[in-house]
Number of protein chains: 2
Amino acid sequence: MKQTIDSELSLVSYIRERFKKRPARLAQREKLLVGIGDDGAVFDAGGRQVVVTTDAMAEGIHFDHLYCTPYQVGFKLVTVNVSDVFAMNANPAYLLLSLTLPKGLDVGYFTGFMDGVMNATDMYGVELIGGDITSSMSAVTVSATLIGFTDAPIKRDGASVGDLLYVTGHLGDSACALGLLKQRGRPVFLEKGQRVELPLSWPAMEPLLWKHLMPRPHKPEVASGCASAMMDVSDGLSIDLIRLCAESGTGARVYERQLPMSKEMVEACLYLKEDPLEFCLCGGEDYEYLFTTPVAVDGAFCIGEIIPEGIIIQDASGTERELKECGYEHFKD
Amino acid sequence: MKQTIDSELSLVSYIRERFKKRPARLAQREKLLVGIGDDGAVFDAGGRQVVVTTDAMAEGIHFDHLYCTPYQVGFKLVTVNVSDVFAMNANPAYLLLSLTLPKGLDVGYFTGFMDGVMNATDMYGVELIGGDITSSMSAVTVSATLIGFTDAPIKRDGASVGDLLYVTGHLGDSACALGLLKQRGRPVFLEKGQRVELPLSWPAMEPLLWKHLMPRPHKPEVASGCASAMMDVSDGLSIDLIRLCAESGTGARVYERQLPMSKEMVEACLYLKEDPLEFCLCGGEDYEYLFTTPVAVDGAFCIGEIIPEGIIIQDASGTERELKECGYEHFKD
């Protein structure tokens, strides 16, 4: 029987294992500070520590023009990469684009997409320095590489037993917004102030829609001086926490009642007949940060602690259960 | 009438123009040595000059599994990026991959592809440091970002009137090999020493097939100390020469009789009933280097000279004509 690829994690593990013992030039290997498996790679360029990250978005997988505009795709492509650079405790600086566009694509699509890229690069003080544009047989696939600089990268593997576990903002908003957009079935031009005719108040919906369509990550300054480990929450809390713990060789306990959820998300869940906790644990693309620290901090939500093993969630009644991997997984049916 | 995107060049010009006067942070702009429009971008990281380039390959456009294996795609993805780094007079060091793969893809495809990547990274002493793997709706799109280091980048814009024009190797081999592969219609497993049953001698075909399926660029050491401008010949001599001259604000005269063509290519053209000169001028993917220098050098082919304006080709009889842009253009029908 033909065996097919089945998860991003297994592919990354395969690559990491195979490339672990390659005879790369020693001189450059010594300069490599962070390799495969973190939000970004880090190398020492003699003066500054350079962070590099790359993230792709594919039509039909990461975005669907039933729900979003080319402008929003361009904007989001930049900001999801900014989020990865911030997650390394770095400042973004230079962007490269790799665009694969179908022949016959409307010029308005391309210029709209580039407007979104430009708005986002301006917002973060990033400069577009290069890239590649090629044609494709059908779908749009866009990929960006973002380069940043840091004095002290924060990796995923530094969590210790006893560390507190924090998240920088509300979780589940983005996934909930996608639910709203699917109900509506048409794009929302947020940047033009268009409203959406659903039986929900606009003030309740707008922040959710922004988080999904045009995420604007903030640098997690709160983590900068104290975090032992950090990553961005891009695939969902459960899967990302499992990854952080796997890298650190630890477990974690999460307290359900401490999970930060926005009142807008909870309100929209009533309308959607969805469970807010599910969006919070399994929804991706929130572009908040998950970090661990040995000392309590203000300005972020403490959601649990690092324990020797097991990924546990404790509900309001004190009952504990295993926190299972959930959320969007590439290559799964 | 709907206007559609029509050429990679026009899209790049559009981007370059729009992003020219963006308010990027001054501090980082001062460190940017080469931006949009060259083989790679270059910035100063405080100690070393860092070169970054990105190149994508899309199924059905850059490769077709009627003619090539996943291994060859992985190998070539690395080496086409190595070629761009070499073209900046830099040494490649770190690689990031951005892979968009259809759900249900055979594991053997993925591992074959990664074998090719690994073979190529080992060959060039490059280390894989990160990337992104996502699913796609149908086709395979692979993109790589390669980082290198240099002490003295060589750009496209430095050619002066009176400079001699050189190319480092035979042109047209790759395009000719593609012609042979299309005749055959099945992949060739070069790395396993498989032969191809066409009415041509294997010694005549093998070097051509390697150049197309598994290009192995060499660092153009000959240009390193003397070149005023350089780029790799990836889209074909005519289009690439036009680009170099546009960047430098010059013209060029090429002597047809001095164009380097391999005897294997000429032999295969007899079989294919194709014009070797056409492959030489219009065929892409040779991954040789085009450079200009004020002094004559050994170890490369002098094919012409830089003149104030016009892109001219002179045939063996001394007749001159305009060298028109030809070769593969994305987004053209």
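In chain B of this predicted model, strand β4 (residues 91-102) and strand β6 (residues 141-150) run antiparallel and are joined by 9 bridges. Within that pairing, B:Pro92 has B:Gly148 of β6(B) as its bridge partner. The points below begin with the sheet to which these strands belong, go on to the relation between chain A and chain B, and end with two pairs of packed helices.

**The sheet of chain B and its helices**

- The sheet in chain B is open and is formed by 6 strands, which follow the order β1-β2-β3-β6-β4-β5 with mixed pairing.
- At the edges of this sheet stand β1 (32-34) and β5 (127-136) of chain B, each of which pairs on one side only, and from one strand to the next the twist averages 20°.
- Helix α3 (residues 70-87) of chain B lies across β3 (49-58), β4 and β6 of chain B, and its direction runs at about 145° to β3(B).
- Helix α4 (residues 107-124) of chain B also packs on the sheet, where this helix touches β4, β5 and β6 of chain B and makes about 170° with the direction of β4(B).

**How the two chains are related**

- A turn of 180°, with a shift of 0.0 Å along the axis, lays chain A on chain B with an RMSD of 0.0 Å, and the two copies are therefore related as by a two-fold rotation axis.
- Among the residues of chain A, the one that comes closest to the rotation axis is A:Gly47, whose C-alpha lies at 2.2 Å.
- Both copies use the same surface, since 100% of the contact residues of chain A recur in chain B.

**A helix pair between the chains**

- Helix α4 (residues 107-124) of chain A and helix α1 (residues 8-19) of chain B have axes that come within 11 Å and cross at roughly 35°, and the crossing of α4(A) past α1(B) is right-handed.
- The residues of α4(A) that meet α1(B) include A:Phe110, A:Met114 and A:Met118, and among those they meet in α1(B) are B:Leu11, B:Tyr14 and B:Phe19.
- Sorted by class, this contact of α4(A) with α1(B) has 8 nonpolar, 2 polar and 2 charged residues.

**A helix pair within chain A**

- Helix α5 (residues 173-184) and helix α9 (residues 263-272) of chain A pack with their axes 10 Å apart and at an angle of about 35°, and α5(A) passes α9(A) in a left-handed crossing.
- Among the residues that make this contact are A:Cys176, A:Leu180 and A:Gln183 of α5(A), together with A:Met265, A:Cys269 and A:Leu272 of α9(A).
- By class, the contact of α5(A) with α9(A) has 7 nonpolar, 2 polar and 1 charged residues.

Conventions
Residues are numbered from 1 along each chain as its sequence is written. Chains are lettered from A and ligands numbered from 1 in the order in which they are written. This is a predicted model: local features need pLDDT of at least 70, side-chain atom pairs count only at pLDDT 80 or more; totals for chains, interfaces and linings use all residues. Side-chain values use heavy atoms; hydrogens and water are left out. Two strands pair if DSSP finds at least two bridges between them. Helices (H or I, at least four residues) and strands (E, at least two) are DSSP runs, numbered from the N terminus. Axes are lines fitted to C-alpha atoms, for helices over the stretch in contact, and angles run from 0 to 180 degrees between N-to-C directions. Contact means heavy atoms within 4.5 Å. Copies are superposed by least squares on the C-alpha atoms of residues with pLDDT of at least 70 in both. A crossing is left-handed if the near helix is turned anticlockwise from the far one by less than a right angle, and right-handed if clockwise. Ala, Val, Leu, Ile, Met, Phe, Trp, Tyr, Cys and Pro count as nonpolar, Asp, Glu, Lys and Arg as charged, and the others, Gly among them, as polar.
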